[in-house]
Amino acid sequence: MESVLISGGTGLIGRYLAARLKEKGYKVALLSRDLKQETDFQVYHWDPAKSKIDPAAVSDADYIIHLAGANIGERRWTRERRKLILDSRLKSGDILLSSVSGNIRKPRAFISASAVGYYGAVTSDKIFYEEDLPSGDFLGETCRKWEQSADRFEEIGIRTIKIRTGVVLSSHGGALAKMAIPVKMGVGSAMGNGKQYMPWIHIEDLCNIYIMAIEDVKMRGAYNAAAPDRRTNKEFTESLAHALGKPFWFPNIPAFALRMLFGEMSDILLKGSRVSSGKIISAGYSFKFPDLGNALNDLFR
Ligand SMILES: NC(=O)c1ccc[n+]([C@@H]2O[C@H](COP(=O)([O-])OP(=O)(O)OC[C@H]3O[C@@H](n4cnc5c(N)ncnc54)[C@H](OP(=O)(O)O)[C@@H]3O)[C@@H](O)[C@H]2O)c1
C-alpha cells in the first residue's frame, strides 16, 4: 500500500483529499501543529515556525502533498499577517526539504498547493497560462516564492508538481460558505463592479487533480486548477442565488466599503482575470464539474 503524507491535511482541502485517497487504497497520514485532531488518520506533529518535525512522518511517505499555510482570506493583511502567510509556506517547505534530504528513501513526488494569485490581483480580459510570469503584487510574490521553495524538491531528483488553485467550492466551508450567507438571506449581490473574474473549482475536481499528480508520472511543473467555465463575480453570485432559489436584485456592494472592511485583502474579492484550464485537460484530466451551475447544484443538493 502506497503512503501519502499531507501537510496541513486538517484544513478544508486536506480533509476531503485524505478521505478520497483512503477510498483509493492509499495509506494517509497528516502533518499538523496540533496532535489533538479529530481524525481517523495518523497525525504526525510538526512546528514549522520552530523548525521541528517528527522524523517518522517523512521517512514513511511515498508522496508528500504540501497544503500547509496560514489562511490567505481569513484576516486583514497587516504586516504581521503578510509575514505569517509567507513564512508559514516557506518555513514548512524548508523543514520538509531538510527532512527528506536526510533520508536515503525519498518520496516519489512532492505536490505543492499554489494559487491562481500567482498571476496577480488584476482584472483584465487576458487569459493566464502556466508559462506567464508571476505578478509583483503580494499574492504573486507569495506564490512565486512558495513555488520556488517547492522547486528545490525537483532539484534533488523528486518529481514536483505545483497546483495553482482557483477558489475551491466545497459544502464544508471556505469561500463558498461565506458567499452564500447574504445570498441565503435574500440580499446577495455582486462585489465592486462585478466584472472581475473568479476562477473556481469544485473540491472533487481539485482532489482528483491531486490524485492524478500522484499517479501520472508524466506530470511535473505548474498546472492551473480552475474549471473551464469562467465567470465574473456578478455571474457567479447570480448562479449562486439561482442554485439556492433566492433573488438576485440587490445593488452591488461598493468597492470602497469592501476596502474599508478588509483593507488590501479586498483585492481577492475585487480583482481577477481568467486562467486557462487547457494544460491539465491536455494532460488527460476530464472535469467532473466543468459547469458552475452543476457544481453549485451538487454542493447545495
Ligand atoms: N481553499 C481555497 O479556495 C484555496 C485556493 C487556492 C489555494 N489554496 C491553498 O491550498 C492550501 C490548502 O487550502 P485549505 O483551504 O485547505 O486551507 P485551510 O483550510 O486554511 O488549511 C490549511 C492548513 O494549514 C495549516 N496551517 C495554518 N496556519 C499555519 C501556519 N501558520 N503554519 C503551518 N501550518 C499552518 C493548518 O493545519 P494545522 O492547524 O493542523 O497545523 C490548516 O489546517 C493552502 O495553502 C491554500 O492557500 C486554497
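Reader: What makes Glu147 and Arg164 a salt bridge?

Author: In this predicted model, the closest N and O atoms of Glu147 and Arg164 are 2.7 Å apart. The cut-off for a side-chain nitrogen of Arg and a carboxyl oxygen of Glu is within 4 Å, and therefore the pair is called a salt bridge. The two partners come from distant parts of the chain, with Glu147 in helix α4 (residues 138-155) and Arg164 in strand β8 (residues 159-165), 17 residues apart. Glu147 is buried, and Arg164 is buried as well. As a general point, side chains of opposite charge can pair when their charged atoms come close.

Reader: How many salt bridges does the structure hold, and which residues are linked in a network of them?

Author: The structure holds 22 salt bridges. A network of salt bridges links Glu2, Asp62, Arg105 and Arg108.

Reader: How do you know that Lys271 forms a salt bridge with Asp267, and why is Lys271 called partly exposed while Asp267 is called buried?

Author: The closest N and O atoms of Lys271 and Asp267 are 3.6 Å apart, and because the limit is 4 Å, the pair counts as a salt bridge. Lys271 has a relative accessibility of 31%, and since buried means under 20% and exposed means over 50%, this value falls in between and Lys271 is partly exposed. Asp267 has a relative accessible area of 11%, which is under 20%, so Asp267 is buried.

Reader: Why is Arg301 called exposed, and what is its salt-bridge partner?

Author: The relative accessible area of Arg301 is 81%, which is over 50%, so Arg301 is classed as exposed. Its partner is Asp298, and the closest N and O atoms of this salt bridge are 3.4 Å apart.

Reader: Why is the pair of Tyr285 and Phe287 called edge-to-face?

Author: A search of the whole structure finds six aromatic pairs. For Tyr285 and Phe287 the ring centres are 5.2 Å apart, and because rings pair when their centres lie within 6.5 Å, these two count as a pair. Their planes stand at 80°, and since over 60 degrees counts as edge-to-face, the name follows from that angle. Both Tyr285 and Phe287 are buried. Elsewhere, Tyr118, Tyr119 and Phe128 form one aromatic cluster.

Reader: How do you know whether Asn233 is buried or exposed?

Author: Asn233, which lies in helix α7 (residues 233-243), has a relative accessibility of 1%. That value is under 20%, so Asn233 counts as buried. Asn233 and Leu270 are 37 residues apart in sequence, and their C-alpha atoms are 8.4 Å apart in space.

Reader: What makes the approaches of Arg33, Arg89 and Gly69 to the ligand polar contacts?

Author: An N or O atom in the side chain of Arg33 is 2.8 Å from an oxygen atom of the ligand, and for the side chain of Arg89 the distance to a ligand oxygen is 2.8 Å. Gly69 uses a backbone N or O atom, which lies 3.3 Å from an oxygen atom of the ligand. The limit for a pair of N or O atoms is within 3.5 Å, and therefore each of these distances qualifies as a polar contact. The protein covers 83% of the 890 Å² of accessible area that the ligand has on its own.

Reader: Which residues come nearest to the ligand, and which elements supply at least two residues of its shell?

Author: Of the 25 residues around the ligand, Thr10, Ile13, Ser32, Arg33 and Arg89 come nearest. At least two shell residues each come from α1 (12-23), α3 (79-101), β6 (109-115) and β9 (167-169). The shell divides into twelve nonpolar, eleven polar and two charged residues.

Technical notes. Residues are numbered from 1 along each chain as its sequence is written. This is a predicted model: local features need pLDDT of at least 70, side-chain atom pairs count only at pLDDT 80 or more; totals for chains, interfaces and linings use all residues. Side-chain values use heavy atoms; hydrogens and water are left out. A residue is near a molecule or strand if one of its heavy atoms lies within 4 Å of it. A polar contact is a pair of N or O atoms within 3.5 Å; within protein, one must be able to donate a hydrogen and the other to accept it, and residues adjacent in sequence count only if both atoms are side-chain atoms. Accessible areas come from the Shrake-Rupley method with a 1.4 Å probe; for residues, only the protein chains shown count as cover. Helices (H or I, at least four residues) and strands (E, at least two) are DSSP runs, numbered from the N terminus. Ala, Val, Leu, Ile, Met, Phe, Trp, Tyr, Cys and Pro count as nonpolar, Asp, Glu, Lys and Arg as charged, and the others, Gly among them, as polar. Buried means under 20% relative accessible area, exposed over 50%, partly exposed in between (1.4 Å probe, protein chains only). Rings of Phe, Tyr and Trp (its six-membered ring) pair if their centres lie within 6.5 Å; planes under 30 degrees apart count as stacked, over 60 as edge-to-face and the rest as tilted.
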